[in-house]
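The following note is offered to a colleague beginning the study of protein structure. Please read each numbered point with the structure in view.

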Amino acid sequence: MSEKKKARLRVVSLMYDPDGDRNEIKNAHVGTCLDDGNEVVLEYEEMQDGERARITLKAAQGRAEMLRKGLTSARLTFVPGEKTSSAYVTMYGEIPGMVDTRNVLLSREENGGDLLLGYDV
């Protein structure tokens, strides 16, 4: 059985507006990582616009899921080649959406790894 380990996480978000202009946001977090050989689970907290949220990313080769719990909560499922339903739950109500996943790439190394999610919402 694997144990949770402290992890330094770098989250890079690349977004493109309808005109094709690129916007990049980089954040660093301290969290935990649990890798049982089949699935990797990353957990961390983030602050955005004064709101604290708990993020859990679960990934296996070819599939991932993100859970966000805070004032705004969400569950996003990433399966390459599929459109999956999702929802953001806010204090004003639920906002339904779809996740169109292009790829889920998970690589592991002795002291770290990468999780790349290519998708449109």
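1. In this predicted model, Glu 24 and Lys 26 form a salt bridge, and their closest N and O atoms are 3.3 Å apart. Glu 24 counts as partly exposed because its relative accessibility is 32%. Lys 26 has a relative accessibility of 55% and therefore counts as exposed. As general background, side chains of opposite charge can pair when their charged atoms come close.

2. A second salt bridge joins the side chains of Glu 46 and Arg 68, at 3.5 Å from N to O. This pair links distant parts of the chain: Glu 46 belongs to strand β3 and Arg 68 to strand β5, and they are 22 residues apart. Are these two residues, Glu 46 and Arg 68, buried or exposed? Both Glu 46 and Arg 68 are buried.

3. The side chains of Arg 102 and Asp 120 also meet in a salt bridge, with a distance of 3.1 Å from N to O. Arg 102 lies in strand β8 (residues 93–109) and Asp 120 in strand β9, so the pair ties together parts that are 18 residues apart in sequence. Arg 102 is partly exposed, with a relative accessible area of 49%. Asp 120, at 43% relative accessibility, likewise counts as partly exposed.

4. How many salt bridges does a search of the whole structure find? The search finds 10 salt bridges. In addition to the pairs described above, Lys 4, Glu 43 and Arg 54 are linked in a network of salt bridges.

5. The strands should next be considered together. Nine strands make up an open sheet with antiparallel pairing, in the order β1-β2-β3-β4-β5-β6-β7-β8-β9. Which strands lie at the edges? They are β1 and β9, each of which pairs on one side only. From one strand to the next, the twist averages 30°.

6. At the start of this order, strand β1 (residues 5–16) and strand β2 (residues 22–35) run antiparallel and are joined by 12 bridges. Within this pairing, Ser 13 has Ile 25 of β2 as its bridge partner. The hairpin of β1 and β2 has five residues between the strands, and in this hairpin Gly 20 takes a positive phi near 90°. Five bridges then join β2 to strand β3 (residues 40–48), again in the antiparallel sense. Asp 35 stands opposite Val 40 in β3.

7. Strands β4 and β5 pair in the antiparallel sense over seven bridges. Their hairpin has two residues between the strands, and Gly 62 takes a positive phi near 90° there. Thr 56 is found in strand β4, and its bridge partner in β5 is Leu 67. Thr 56 counts as buried because its relative accessibility is 12%, whereas buried means under 20%. Leaving aside neighbours within four places in sequence, Thr 56 is in contact with Val 41, Leu 42, Glu 43, Glu 65, Met 66 and Leu 67.

8. Strand β5 is mostly covered, as five of its seven residues are buried. On the way to β6, a hairpin of three residues joins the two strands. β5 and β6 run antiparallel and are joined by five bridges. In this pairing, Ala 64 has Phe 78 of β6 as its bridge partner.

9. Which residues touch the most other members of the largest nonpolar core? Of the 16 residues in this core, they are Met 66 and Phe 78. The elements that give two or more residues to the core are β1, β3, β4 (51–60), β5, β6 (73–78) and β8. The most is given by β4, with four residues. In soluble globular proteins, nonpolar side chains tend to be buried together. When residues up to four places away in sequence are not counted, the residues that Phe 78 touches include Gly 62, Ala 64, Met 66, Val 99, Val 104, Leu 117 and Tyr 119.

10. A final point concerns confidence. The mean pLDDT of the protein is 88, and 99% of its residues reach 70 or more. Among the elements, strand β5 (residues 63–69) has the highest mean pLDDT, at 94, and strand β9 (residues 112–120) the lowest, at 83. Where pLDDT is low, the predicted coordinates should not be read in detail.

Terms used
Residues are numbered from 1 along each chain as its sequence is written. This is a predicted model: local features need pLDDT of at least 70, side-chain atom pairs count only at pLDDT 80 or more; totals for chains, interfaces and linings use all residues. Side-chain values use heavy atoms; hydrogens and water are left out. pLDDT is the predictor's confidence in each residue, from 0 to 100. Two strands pair if DSSP finds at least two bridges between them. Axes are lines fitted to C-alpha atoms, for helices over the stretch in contact, and angles run from 0 to 180 degrees between N-to-C directions. A salt bridge is a side-chain nitrogen of Lys or Arg within 4 Å of a carboxyl oxygen of Asp or Glu. Buried means under 20% relative accessible area, exposed over 50%, partly exposed in between (1.4 Å probe, protein chains only). A nonpolar core is a set of buried Ala, Val, Leu, Ile, Met, Phe, Trp, Tyr and Cys residues joined through side-chain atoms within 4.5 Å. Contact means heavy atoms within 4.5 Å.
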